[in-house]
Amino acid sequence: MKIVVCDDSLEYLLKIEKLLLKYQELNPGRNFEIEKYSDALKLCNKIQKKEIADVYILDIIMSDTTGIDIGNLLKKTKEGCVIIYITSSDDFALEAYGVHAIRYLLKPVKEEHFFEALDYAMSYTETKKDALYLVKTKDGLVSVPYGKIEYIENVSRILEICLTDGEKLKSIFIRKSFDEEIIDLEKEKSFIKVHKSFLVNMKYIKKLSKDSIIMESGANLPVSKKNAAFVRKEYLLFVSGQYR
């Protein structure tokens, strides 16, 4: 596993490296190599060459570019890496959420918050390859990583799985109920049933209103009246849980 740290402050770059080494010492079973960048443009060049790491720890306010710009660049690679932001300002929290950062930590970062973010990042990277949703299609069984699912719609007992890259998969006619088909996905904290026919991945919600959700793909999905209060509460908890 590779962890990349990018901060144009050499002092903070070394501080984060020191924390990473301490974390590794306390967690000998979790092995990783550290790659440091004080020049954000050099890191951007690596990402553009598809040389992608597993975890990125990024400052946001840097001289040549921003951590948000790097996050957007990583988002386009579709590699499923993890981003942790460490910054001196809380002004960019919404933008950070837009690139699916798992944590947003303020300087001076507290060791316990940093280690908690690393625990989450490690768990995510260790399990993401195993978390697959199996879809029975007319062409056979298709395995879809949970993180690639934007939302699922039940259309007359046929599942339409809408993926983050714009692809849509259609299942064959399902014999079980929709609730039974999505039971494993609902155990994941990022998924929520917003309507009797829709399950959404909250990571990809762009806008939530009282009776509808707009996803990053532009899809406008209904929220049932019965679920509206619950959906709003769970979404706010999900968003707030990404930042410390």
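Which residue forms a salt bridge with Lys36? The partner is Glu17, and the closest N and O atoms of the two side chains are 3.2 Å apart. This briefing concerns a predicted model, in which 15 salt bridges are found. The points below cover salt bridges, the packing of two helices, and a pair of strands.

**Salt bridges between separate parts of the chain**

- Lys36 belongs to strand S2 (residues 33-37) and Glu17 to helix H1 (residues 10-26), so their salt bridge ties together parts that are 19 residues apart in sequence.
- Lys36 is partly exposed, its relative accessible area being 36%.
- A salt bridge also joins the side chains of Lys107 and Asp59, with an N to O distance of 3.7 Å.
- This pair links distant parts of the chain, 48 residues apart: Lys107 is in the loop between strand S5 (103-106) and helix H5 (111-127), and Asp59 is in the loop between strand S3 (55-58) and helix H3.
- Lys107 is partly exposed at 23% relative accessible area, whereas Asp59 counts as buried at 5%.
- Asp165 and Lys148 form a further salt bridge, with their closest N and O atoms 3.5 Å apart.
- Asp165 lies in the loop between strands S9 (158-163) and S10 (168-173), and Lys148 in the loop between strands S7 and S8 (149-155), so the bridge ties together parts 17 residues apart in sequence.
- Asp165 is partly exposed, with a relative accessibility of 41%, and Lys148 is partly exposed, with 33%.

**A salt-bridge network**

- Lys2, Glu35, Lys46 and Glu51 are linked in a network of salt bridges.

**Packing of helices H2 and H3**

- Helix H2 (residues 40-48) packs with helix H3 (residues 67-77) at an angle of about 10°, and their axes are 10 Å apart.
- Because angles under 35 degrees count as roughly parallel, H2 is described as roughly parallel to H3.
- H2 contributes Ala40, Leu43, Cys44, Ile47 and Gln48 to the contact, and these meet Ile70, Leu73, Leu74 and Thr77 in H3.
- Of the residues in this contact, seven are nonpolar, two are polar and none is charged.

**Strands S6 and S7**

- Strand S6 (residues 132-137) pairs with strand S7 (residues 140-145) in the antiparallel sense, over six bridges.
- The two strands are joined by a hairpin through two residues.
- Tyr133 in S6 has Val144 in S7 as its bridge partner.
- The side chains of S6 alternate: Tyr133, Val135 and Thr137 point to one face and are buried, while Leu132, Leu134 and Lys136 point to the other and are not buried.
- Such alternation between the two faces of the sheet is what a regular strand shows.

Key: Residues numbered from 1 in each chain as written. Predicted model: local features only at pLDDT ≥ 70, side-chain atom pairs only at ≥ 80, totals over all residues. Heavy atoms only, no water. Axes fitted to C-alpha atoms, helices over the stretch in contact; angles between N-to-C directions. Helix = DSSP H or I, 4+ residues; strand = E, 2+ residues; numbered from the N terminus. Parallel < 35°, antiparallel > 145°, perpendicular 65-115°, else oblique. Contact = heavy atoms within 4.5 Å. Nonpolar A, V, L, I, M, F, W, Y, C, P; charged D, E, K, R; others polar. Buried < 20%, exposed > 50% of the residue type's maximum accessible area, 1.4 Å probe, protein only. Pairing = 2+ DSSP bridges. Salt bridge = Lys/Arg side-chain N within 4 Å of Asp/Glu carboxyl O.
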